[in-house]
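Reader: I would like to go through this structure and ask how its labels were earned. Please set each value against its definition.

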Amino acid sequence: MSEPVSVGRPVAPRGPRGGSASNTAAEATISSNEQGAGGPPPGPAAPAKVITRPGDRIFKALTVGSGVFVVAMIVLIGVFLLIQAIPSLMENQSNFLFSREWNAEPGDLAFGVLDLLLVTVFSSVFALLIAMPVSLGIALFLTQYAPRRLARPFSYIVDLLAAVPSIIYGLWGAYVLAPAIAPFSVWLNANLGFLPIFAKGSSDLGIGQTIFTASIVLAVMLLPIITAISREVFDRTPTMQVEGALALGATKWEVIRTTVLPFGKAGYISASMLGLGRALGETIAVMIILSSTTTNFSFSLFDGGDTIASKIARAAQEFNDPRGAGAYIAAGLVLFVLTFIVNAFARSIIAGHKEYE
């Protein structure tokens, strides 16, 4: 009689060490997964290749060339002034920096730039003192108080002052402003004449061709420069700071004093320095307004005289001899260095402020 056949679970084939083949495969799979998860990281991916198109190369060349061209032009101007001035400075019989004498006749050169430099700086600084508070008020009004429908056209009007030619300002100052402020100049001299700045100077107060008149005209010319830059700086005051001050109960003026002015102070001062550089180099308007005189400058607003730029402009038609012209070119070199220093100082003010970069 045959034995019964037991039907059971099929026996899996054994692996090399007695384990089943399926267990061995599973272990191999787990081992490979663990090695992939905890093994050494894959090598760094190759950087993507940057494709440079011809247009990019052309644009880069143009921008780099423009920057190099501007720097080269400034250097070449300085070198030109220096080369032309050295022969006249070698023949100069006076101290160029500290003498107030000016004689540019060939063969008898005796010239000094001190008086011209004093008139230039004095008139420009006084103009800046007039223009700074007015520009600040205009910029704050346009950015903080004026409604948008009024601020935009009013800003355009202020900016248009920069488009008026210098000769127009000069004619307006000489024939309109000077007679209008002559009584005020007489009053200042009569009541405050004990102060050197308001003492009687070398120019006739009734005519008004004085540093006082020229400085007011320069102040009007500086308004669009200082106002435009200050307006842009004040507009960039972080909204969170303004809203935070308002949330704490600050009034409008307190918001301006605690947030807007501290944020825009560096930009406002830098704009003022740029305006000062503009005033130092103004030529035609100052030449028309100021009466030329041989009297030394006495630090009075009612003096006449010449700035460095107006002195060069008055004598430009007489530049027949290289030595005589070199004397004026030497004065121009001083003005070039002075404006360069002022503009560099303006740039250094905002150098550490990331919000202006």
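Reader: Why does Asp115 count as buried or exposed, whichever it is?

Author: Buried means under 20% relative accessible area, exposed means over 50%, and partly exposed lies in between (1.4 Å probe, protein chains only). Asp115 has 14% relative accessibility, so Asp115 counts as buried. This is a predicted model, in which local features need pLDDT of at least 70 and side-chain atom pairs count only at pLDDT 80 or more, while totals for chains, interfaces and linings use all residues. Residues are numbered from 1 along each chain as its sequence is written, and side-chain values use heavy atoms, with hydrogens and water left out.

Reader: What makes Arg100 and Asp115 a salt bridge?

Author: A salt bridge is a side-chain nitrogen of Lys or Arg within 4 Å of a carboxyl oxygen of Asp or Glu. For Arg100 and Asp115 the closest N and O atoms are 3.6 Å apart, so the pair meets the definition. Arg100 lies in the loop between H2 and strand S1 (102-103) and Asp115 in helix H3, so the bridge ties together parts that are 15 residues apart in sequence. Helices (H or I, at least four residues) and strands (E, at least two) are DSSP runs, numbered from the N terminus.

Reader: Why is Arg100 called partly exposed?

Author: Arg100 has a relative accessibility of 30%, and therefore counts as partly exposed.

Reader: How many salt bridges does the structure hold?

Author: Five. One of them joins Arg278 and Glu282, at 2.5 Å from N to O. Arg278 is partly exposed because its relative accessible area is 32%, and Glu282 is buried because its value is 3%. Another pairs Asp306 with Arg314, whose closest N and O atoms are 2.5 Å apart. Asp306, at 5%, is buried, whereas Arg314, at 28%, is partly exposed.

Reader: How far does helix H3 reach, and what span is expected?

Author: The expected span is 1.5 Å times one less than the number of residues. H3 (residues 114-145) has 32 residues, for which 46 Å is expected, and reaches 45 Å from its first C-alpha to its last, close to that value.

Reader: Where does H3 bend?

Author: At Ala131, by about 25°, with Pro133 following within four residues. The bend is the angle between axes fitted to the seven residues ending at a residue and the seven starting there.
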